[in-house]
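Thank you all for coming. I would like to walk you through one structure, slowly and region by region, so please keep the picture in view while I talk.

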Amino acid sequence: MKKHNFSAGPCVLPKSVIQKASEALINFDNGLSLIEISHRSKPFVDVMENARALALELLGLEGKGYKALFLQGGASTQFLMVALNLLEKRAGYLNTGTWSDKAIKEAKIYDDIYEVASSKSANFNYIPKGYDIPEDYDYFHCTSNNTIFGTQMKSFPDSPIPMVCDMSSDIFSRQLDFTQFDLIYAGAQKNMGPAGTTLVVVKEDILGKVSRKIPSMMDYKVHISKGSMFNTPPVFAVYTSMLTLQWLKDLGGIKAIEEENEKKARLIYSEIDLNPLFKGYAVKEDRSIMNATFTLENENLKETFDAMWAEAGINGLNGHRSVGGYRASMYNALSLDSVKALVEVMSELERKA
């Protein structure tokens, strides 16, 4: 039976990418496995350079003063790394969910952090708007998409200071003017590849302005100077991310995948709104195209619904404990057919109820 993977992460990957990655585990370089060759060898250096170049190309940032890095430690390490490299006196953070909450906690280790706005009082079911960003701060930090709560920033403020964005769960999913951001970071395990590497795209001219000493492993300038090879990189995660980025380019880039993502989102949200058995969690204007969160109006139907979607080959639909209910994560490689399968189960539940 075909499995429909709605897991919040690690994400579903294109079949062609999984096939090529599995072949590379057996034979990547003249009979040697990808995971046993030297990371300093030309075949892998070429992989790293290609992955970094593809990231900038897809984001439209080539030749605009940005560098792409593939690092380790996940977005959680970036919470700390951003502050170490950019925070001198004070920074402003938009608090829209669990991950921005954690980013704020880490940054506070180094200096004073100001929450420009927060939706915490409503359990993060909306994106705050109409807030001011102080011009004398070092940077402004936001999270573009919130996997747990199913909210997404549809637009970004005209920031008078460098803007940093955690795009872990929606990078490469929609067209944006990426030049409005001075630093973007994203764990690979949502839209790029397996867990194990994190993409960082940073505008070089914002670096080198803090007075503190930065440990080498936490210094963006060090990693840039070494081409993301300062220490042993996670070769399999980088290689698979490169394959996924190439798949996206061949598909037609971000413009093409955005059209598919919008079709999937319209389909699932239409069912949530029209089916009286379900209720969406996030406010409509802030709904994520990546993560649709919803609950049952009648919890007595939970056992029946759970059995139905499991029987249909649907995986990873349970919501996060912070919200409950269900979460359909629809990352780039999830097919429209998978969303149709879920919607059919939801419709069938209504017919049975």
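Let me start with Tyr220, which is buried, with a relative accessible area of 0%. Before going further I should say that this is a predicted model, and everything I tell you about positions and contacts should be heard with that in mind.

Tyr220 is found in helix H5, which covers residues 220–225. What is Tyr220 in contact with, once we leave aside its neighbours within four places in sequence? The list is Leu69, Leu71, Gln78, Met81, Val82, Asn85, Leu183, Val200 and Leu207. We can also look at the spacing to Gly208, since Tyr220 and Gly208 are twelve residues apart in sequence and, C-alpha to C-alpha, 9.1 Å apart in space.

From there I would like to turn to strand S2, residues 66–71, which is mostly covered, with five of its six residues buried. S2 is joined to S10 by six bridges, and the two strands run antiparallel. If you want one pair to find on the screen, take Lys67, whose bridge partner in S10 is Val202.

A second pairing worth finding is that of strand S3, residues 90–95, with strand S4, residues 112–118, where six bridges join two strands that run parallel. Here Asn95 stands opposite Ser118 in S4. To get from S3 to S4 the chain passes through helix H4, residues 98–107, and this β-α-β crossover is right-handed.

Now to helix H6, residues 235–251, which has 17 residues and reaches 24 Å from its first C-alpha to its last, close to the 24 Å expected at 1.5 Å a residue. Many of you will want to know which side chains are covered, and the buried residues of H6 include Val235, Ala237, Val238, Tyr239, Thr240, Met242, Leu245 and Leu248. What do the buried residues of H6 pack against? They pack against helix H1 (15–26), helix H2 (42–59), helix H7 (253–274) and strand S2, the strand we have just discussed. After H6 comes Gly252, whose phi is positive, near 125 degrees.

Within H6, I would single out Ser241, which counts as buried because its relative accessibility is 0%. Not counting residues up to four places away in sequence, Ser241 touches Phe70, Ala188, Met192, Gly193 and Thr197.

That brings me to Lys190, which UniProt lists, in an unreviewed entry, for "modified residue: N6-(pyridoxal phosphate)lysine". Where does Lys190 sit in the fold? Its place is in the loop between strand S9 (183–187) and strand S10 (198–203). Is Lys190 buried or exposed? Its relative accessible area is 14%, and residues under 20% count as buried, so Lys190 is buried. Setting aside residues up to four places away in sequence, Lys190 touches Ala8, Gly9, Cys11, Thr147, Ser168, Ser169 and Tyr331.

The same kind of record also gives a domain annotation, again from an unreviewed UniProt entry, in which "domain: Aminotransferase class V" covers residues 5–342. Over residues 5–342 the chain is 34% helix and 17% strand, and the end C-alpha atoms are 11 Å apart.

Finally, the aromatic side chains, for which a search of the whole structure finds 13 pairs. One of them is Phe178 with Phe181, a tilted pair at 6.5 Å centre to centre and 45 degrees between the planes. Both partners are covered, as Phe178 counts as buried at 4% relative accessibility and Phe181 counts as buried at 0%.

Another pair is Phe305 with Tyr326, and this one is edge-to-face, at 5.0 Å centre to centre and 90 degrees between the planes. Phe305 lies in helix H8, residues 302–311, and Tyr326 in strand S14, residues 326–329, so the pair ties together parts that are 21 residues apart in sequence. Phe305 is buried, with a relative accessible area of 0%, and Tyr326 is buried as well, with 2%. These two residues belong to one aromatic cluster, which is formed by Phe278, Phe294, Phe305, Trp309 and Tyr326.

I will stop there and take questions.

Key. Residues numbered from 1 in each chain as written. Predicted model: local features only at pLDDT ≥ 70, side-chain atom pairs only at ≥ 80, totals over all residues. Heavy atoms only, no water. Helix = DSSP H or I, 4+ residues; strand = E, 2+ residues; numbered from the N terminus. Expected span 1.5 Å × (residues − 1). Buried < 20%, exposed > 50% of the residue type's maximum accessible area, 1.4 Å probe, protein only. Contact = heavy atoms within 4.5 Å. UniProt positions renumbered as here; feature names shortened; annotations may be inferred. Phe/Tyr/Trp six-rings, centres within 6.5 Å; stacked < 30°, edge-to-face > 60°. Pairing = 2+ DSSP bridges. Right-handed = clockwise from strand over helix to strand, strands pointing away.
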